[in-house]
Amino acid sequence: MKMLVTGGCGFIGSHFIRIILRERPDWEVTNIDALTYAGNLTNTLDIQTHPKYRFVYGSITDKNLVDKLVENADVVVNFAAETHVDRSIVDNEPFILTNVLGVQRLIDACTKFKKRFHHVSTDEVFGSLAPEEPKFTEHTPYAPRNPYSATKAASDHLIRAAIHTHELQATISNCTNNYGPFLYPEKFLSISITNLLDGRPIHVHGDGRQVRDWIHVEDHGNGILHILERGQIGHTYMMGGDAEFSIEQTAKSLIKVMGHGDHMLEFIPDRPGQDRRYAIDFTKMKHELSWQHKYTFESGLQDMVDWYRKNEHWWRPIKQSSGYRRWYRQQYGEERAV
Ligand SMILES: NC(=O)c1ccc[n+]([C@@H]2O[C@H](COP(=O)([O-])OP(=O)(O)OC[C@H]3O[C@@H](n4cnc5c(N)ncnc54)[C@H](O)[C@@H]3O)[C@@H](O)[C@H]2O)c1
């Protein structure tokens, strides 16, 4: 099996490649990544010389390169994306280029060369749930509410259209909030862990009652492998973590795991474009594909904290870079600058 992974130097893609090389030692993996601010070659440092692994620097918007790589692959798994809601509000262009045009390039190449395609999407395409509303399922209508989720919704629709129009051999997965090692320190848990390690507070936007369903990145990657091997062409699969907590509850669990007190919690004004609640019903994955979680939220959080404690050499240079510090000041104000 020759697999083309896109965006494999990012958070989830790098874990997925590691899972494939470990669990399917005969498979070959080519990773194309444009190395944006979120793509980091050190995320794949341990596999860079693996005989079954190859890295190609490039963008999924590059038609000729995509055609060449897809032609030589049996299956394409797309992780490449711009992924941060706040950044999409400041500048939507990279989101439209990669998440929409880039995905169309992959669709076109997979259609042309008749290749199996799996697209990694998000639960954010379904918008926001009220506290008592039922969880998102494969049948929930799309209702994106910020530029990031709108571009992800667009890519899902383009794939669904190609499945019908061109008989594209594709599946889609919509997953909830991932956490774990290598999470770029712009997301809530990785900022909070690295702040606490520096003796700085956790910033909670608004009232802290926004609810998220947390899934360990290894469980997500393992789910994608289940879909590739057992999923039905044309189907969508939902993946959740069975770990629905408010941001305030999540922050308090983290503070406890890291041995601090609740005084390390700092409430700050809310940001635009944020959804109230995400939650996923993953019955289909469980029953049809026998997918199970390896991690509970407690064991997963401990795993993540342990990794950040041991891997300061990975996150410290990111937090000290001028680009990151500028972004942090914009998000959290001059008074909280790192
Ligand atoms: N992080 C989450 O909680 C989460 C949850 C559900 C779904 N997803 C989806 O999973 C996928 C991966 O997310 P992530 O958190 O690993 O993202 P990430 O931001 O950590 O990584 C994205 C990767 O894509 C690369 N990339 C960006 N533009 C590219 C382009 N034009 N061509 C090639 N490579 C490009 C980046 O360099 C980076 O390595 C995304 O599609 C995202 O929407 C993420």
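Student: Which residues does Tyr179 touch, not counting residues up to four places away in sequence?

Tutor: This is a predicted model. Tyr179 lies in strand 7. Leaving out residues up to four places away in sequence, its contacts are Leu189, Trp214, His216, Val217, Gly300 and Met304.

Student: Is Tyr179 buried or exposed?

Tutor: Count the C-beta neighbours inside 10 Å: Tyr179 has 26. A residue with 20 or more is called buried. So Tyr179 counts as buried.

Student: What distance separates the C-alpha atoms of Tyr179 and Leu301?

Tutor: Along the chain, Tyr179 and Leu301 are 122 residues apart. In space, their C-alpha atoms are separated by 8.0 Å.

Student: In what order do the strands of the open sheet stand?

Tutor: The sheet has 7 strands, with parallel pairing. Its edge strands are strand 3 (53–57) and strand 10 (236–239), each pairing on one side only. Neighbouring strands are turned by 20° against each other on average, direction ignored. The order is 3-2-1-4-5-6-10.

Student: Why is strand 1 largely enclosed by the rest of the structure?

Tutor: Strand 1 covers residues 2–6. Look at how many of its 5 residues are buried. Strand 1 is largely enclosed because that number is 4.

Student: Which residue is the bridge partner of Leu4 in strand 2?

Tutor: Strand 1 and strand 2 run parallel and are joined by 5 bridges. In strand 2, the partner of Leu4 is Thr30.

Student: What is the handedness of the β-α-β crossover from strand 1 to strand 2?

Tutor: Start from the pairing: strand 1 and strand 2 run parallel. Between them the chain passes through helix 1. This β-α-β crossover is right-handed.

Student: Which residue in strand 4 stands opposite Thr6?

Tutor: Strand 1 also pairs with strand 4 (residues 75–78). That pairing is parallel, over 4 bridges. Opposite Thr6 in strand 4 stands Asn78.

Student: And which residue in strand 3 stands opposite Ile32?

Tutor: Strand 2 and strand 3 run parallel, with 5 bridges joining them. Opposite Ile32 in strand 3 stands Val56.

Student: At what angle does helix 4 run to strand 4?

Tutor: Helix 4 lies across strand 1, strand 4 and strand 5. Its angle to strand 4 is about 170°.

Student: At what angle does helix 7 run to strand 6?

Tutor: Helix 7 (residues 217–230) lies across strand 4, strand 5, strand 6 and strand 10. Its angle to strand 6 is about 155°.

Student: Which helix gives the most to the shell around the ligand?

Tutor: Several elements each supply at least two residues of the shell, among them strand 2, helix 4 and strand 5. The most, 3 residues, come from helix 1.

Student: Which of the 31 residues around the ligand come nearest?

Tutor: The shell divides into 14 nonpolar, 14 polar and 3 charged residues. Nearest to the ligand come Gly7, Gly10, Ala38, Gly39 and Ala81.

Student: Is Leu35 buried or partly exposed?

Tutor: Leu35 is found in the loop between strand 2 and strand 3. Its phi is positive, near 50°, in a residue other than glycine. It has 14 C-beta neighbours inside 10 Å, so Leu35 counts as partly exposed.

Student: Is Glu167 buried or exposed?

Tutor: Glu167 lies in the loop between helix 5 (147–165) and strand 6. Its phi is positive, about 55°, although Glu167 is not a glycine. With 12 other C-beta atoms within 10 Å, Glu167 is exposed.

Note on methods:
Residues are numbered from 1 along each chain as its sequence is written. This is a predicted model: local features need pLDDT of at least 70, side-chain atom pairs count only at pLDDT 80 or more; totals for chains, interfaces and linings use all residues. A residue is near a molecule or strand if its C-beta atom, placed from the backbone, lies within 6 Å of it. Ala, Val, Leu, Ile, Met, Phe, Trp, Tyr, Cys and Pro count as nonpolar, Asp, Glu, Lys and Arg as charged, and the others, Gly among them, as polar. Two strands pair if DSSP finds at least two bridges between them. A crossover is right-handed if, with the strands pointing away from the viewer, the path from the first strand over the helix to the second runs clockwise. Axes are lines fitted to C-alpha atoms, for helices over the stretch in contact, and angles run from 0 to 180 degrees between N-to-C directions. Two residues are in contact if their C-beta atoms, placed from the backbone, lie within 7 Å.
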